[in-house]
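Subject: Structure handover and what was found in it

Dear colleague,

I am handing over the structure we spoke about, together with its sequence. Please open both before reading on.

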Amino acid sequence: MSDEKSFHMTPEQFRQYGRAVVDWIADYYGKIESLPVLSRVKPGEIRAMLPAEPPARGETFEHIMKDMEKLILPGVTHWQSPNFFAFFPCNASAPSILGELFSAGLGVQGMLWTTSPACTELETLVLDWLADMLGLPDRFKSGSKGGGVIQDTASGASLCALIAARELASGGRSNEEGCDGRLVAYASKEAHSSIEKAVKIAGLGRDNLRLIDVDERLALRPEALKVQIVRDRAAGLIPCFVCATVGTTSSNAIDPLPEIGRICRQENLWLHVDAAMSGTAAICPEYRHIHEGMEHADSYCFNPHKWMFTNFDCDCFYVSDRAALIQSLSILPEYLRNKATESGAVIDYRDWHIPLGRRFRSLKLWFVIRHYGVEGLRYHIKRHVELAQEFAGWVEQSEEFELAVPPPLNLVCFRHVAGDSFNERLLERLNQSGKLYLTHTLLKGAYTLRFCVGQTHTDERHVREAWKQIQSVAAEIER
Ligand SMILES: Cc1ncc(COP(=O)(O)O)c(C=O)c1O
């Protein structure tokens with residue numbers, strides 16, 4: 001040890017505090033069910049408790065840890081609570097957290113193969129594993145013309161798919177000259193807002209996003225898609241991209257990939273499949289049908305950070321033709337040139353997404369898959385779907401509540417029969433109770449409650465308790 005002045009934590013301190021942090025997290029999970037799921041703080045309350053100025057002198061780690069408990073925890077909404085049924089889940093698991101810790105510990109930045117070969121090669125392997133686990137076509141695996149990459153989010157993945165489609169359709173001119181206002185993209189009215197964002201960022205313009213009608217199940221109507229494409233071509237426009245959703249955010253509707261895919265092939269359009277949450281279900285053979293028609297897709301994404309026990313952020317993005325993606329995003333400045341890249345024998349993932357730098361995210365996925373094995377993942381995912389279906393059964397049997405749509409997987413959309421304002425008040429009261437957290441949407445114009453089962457530790461007792469709570473709070477509200 002040198003005598004030079006240092007402010008760093010010593011290895012011994014790191015060991016000591018590292019253990020304390022892991023203990024803290026384990027204790028947090030131990031007591032999580034006793035905490036109000038939705039944070040109760042008011043806007044500005046957390047900030048007001050924190051010092052306005054940064055500390056001039058370093059503070060003890062014990063002091064920082066105390067503030068985690070006292071100042072931060074009250075402002076946390078407990079996404080990892082088994083009583084979290086809101087939005088789509090963003091679940092995590094112990095092996096994933098530990099994989100993330102390794103990633104932080106190694107502190108690798110894997111923009112190029114050469115900046116950490118293991119970061120690239122493990123990622124390629126794990127994405128190939130996942131392609132097999134989800135039953136994706138071989139075209140999406142690294143041994144073919146395609147391949148997979150980890151992105152931050154489904155939003156980023158869909159944007160990259162759109163950029164690749166834009167460049168293919170414009171013969172590379174959009175990157176050189178900008179868009180000329182003629183390229184058109186398509187998605188259903190129920191597609192996630194990230195598609196609209198992508199269209200804006202990619203320069204197609206929101207006016208050139210066609211939101212196609214949906215059917216009774218809220219899935220995209222292929223005939224309406226076809227009619228719109230023909231109309232756009234007749235108007236001198238250039239259709240280039242279709243996004244189909246496997247598991248829409250509002251209702252979990254599954255767009256008909258075989259029909260949409262056939263239209264995309266006939267019309268020579270890029271088909272991107274956004275399976276952000278529901279893609280995970282395909283790990284189970286009994287739900288694999290959600291990927292029927294994937295042979296037509298040019299790209300696909302799903303988020304292990306939603307439902308596959310892998311903490312945020314982790315989206316898996318696949319393309320069937322990696323050259324199209326790489327050509328649309330690649331720029332090689334002198335300072336990134338290196339022998340491995342020039343040999344052509346390696347993958348440089350920097351060209352597969354928007355940021356240059358990248359974390360060693362595949363570690364947490366590798367840890368999750370190795371810890372659970374395919375068997376463990378299938379077991380827990382199937383269990384979530386079964387619990388949601390059980391809940392849907394109770395809703396169906398009740399005279400007070402009704403299903404808004406039949407639930408395809410683990411999301412139940414339902415409402416009390418007393419109407420919109422009643423359901424709004426019901427939701428508000430339920431979430432204020434702290435005992436559970438649900439969110440809402442509008443389906444066919446009606447205020448609808450969403451109950452999504454996907455938190456790692458959600459079990460039958462949590463779902464039963466939630467249903468009891470929903471019924472008893474509803475009984476207290478005036479009609
Ligand atoms: C269907 C769908 N697509 C995309 C997204 C966006 O996900 P991300 O936060 O990874 O961008 C979501 C988020 O819930 C979603 O439900």
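Below is what was found, going from the whole protein to single residues.

Please keep in mind that this is a predicted model. The protein has 16 helices and 11 strands, and its C-alpha atoms fill a box of roughly 75 × 65 × 45 Å when this is taken along the principal axes. For 479 residues, a compact globule would have a radius of gyration near 23 Å, and the protein, with 24 Å, agrees with that. Buried residues make up 45% of the 479 residues. If we take the contacts with a separation of 6 or more, 74% of them join residues that are 24 or more positions apart.

The domain assignment gives domain 1 (11–36 + 39–76), domain 2 (108–359) and domain 3 (373–476). The C-alpha centres of domain 2 and domain 3 lie 31 Å apart, and the contact between these two domains takes 17 residues from domain 2 and 16 residues from domain 3. On the side of domain 2 that touches domain 3, the residues divide into 10 nonpolar, 6 polar and 1 charged.

The largest nonpolar core has 126 residues, of which Phe85, Leu162, Ala185, Phe241 and Val242 touch the most other members. Helix α14 (residues 362–397) gives the largest share of this core, namely 14 residues. Where does the core lie with respect to domain 2 and domain 3? Both domain 2 (108–359) and domain 3 (373–476) give residues to this core, so it lies between them. To follow one member in your viewer, start from Ala185, which, leaving aside its neighbours within four places in sequence, is in contact with Leu162, Val199, Leu204, Asn208, Leu209, Cys240 and Phe241.

There is also a ligand to look at. The shell around the ligand has 4 nonpolar, 8 polar and 2 charged residues, and of these 14 residues, Thr153, Ser155, His192, Thr249 and Ala276 come nearest.

A last residue to find is Ile229, which has its place in helix α9 (residues 222–234). Is Ile229 buried or exposed? Ile229 has 22 C-beta neighbours inside 10 Å, and because a residue with 20 or more counts as buried, Ile229 is buried. Leaving aside its neighbours within four places in sequence, Ile229 is in contact with Pro239 and Glu267. Ile229 and Gln397 are 168 residues apart along the chain, and their C-alpha atoms are separated by 43 Å.

With best wishes

Methods
Residues are numbered from 1 along each chain as its sequence is written. This is a predicted model: local features need pLDDT of at least 70, side-chain atom pairs count only at pLDDT 80 or more; totals for chains, interfaces and linings use all residues. Domain bounds come from an automatic or database domain assignment. Two residues are in contact if their C-beta atoms, placed from the backbone, lie within 7 Å. Ala, Val, Leu, Ile, Met, Phe, Trp, Tyr, Cys and Pro count as nonpolar, Asp, Glu, Lys and Arg as charged, and the others, Gly among them, as polar. A residue is near a molecule or strand if its C-beta atom, placed from the backbone, lies within 6 Å of it. A nonpolar core is a set of buried Ala, Val, Leu, Ile, Met, Phe, Trp, Tyr and Cys residues joined through C-beta atoms within 7 Å. A residue is buried if 20 or more other C-beta atoms lie within 10 Å of its own, exposed if 12 or fewer, and partly exposed in between; C-beta atoms are placed from the backbone. Helices (H or I, at least four residues) and strands (E, at least two) are DSSP runs, numbered from the N terminus. The radius of gyration is taken over C-alpha atoms; the globule rule is 2.2 Å times the number of residues to the power 0.38.
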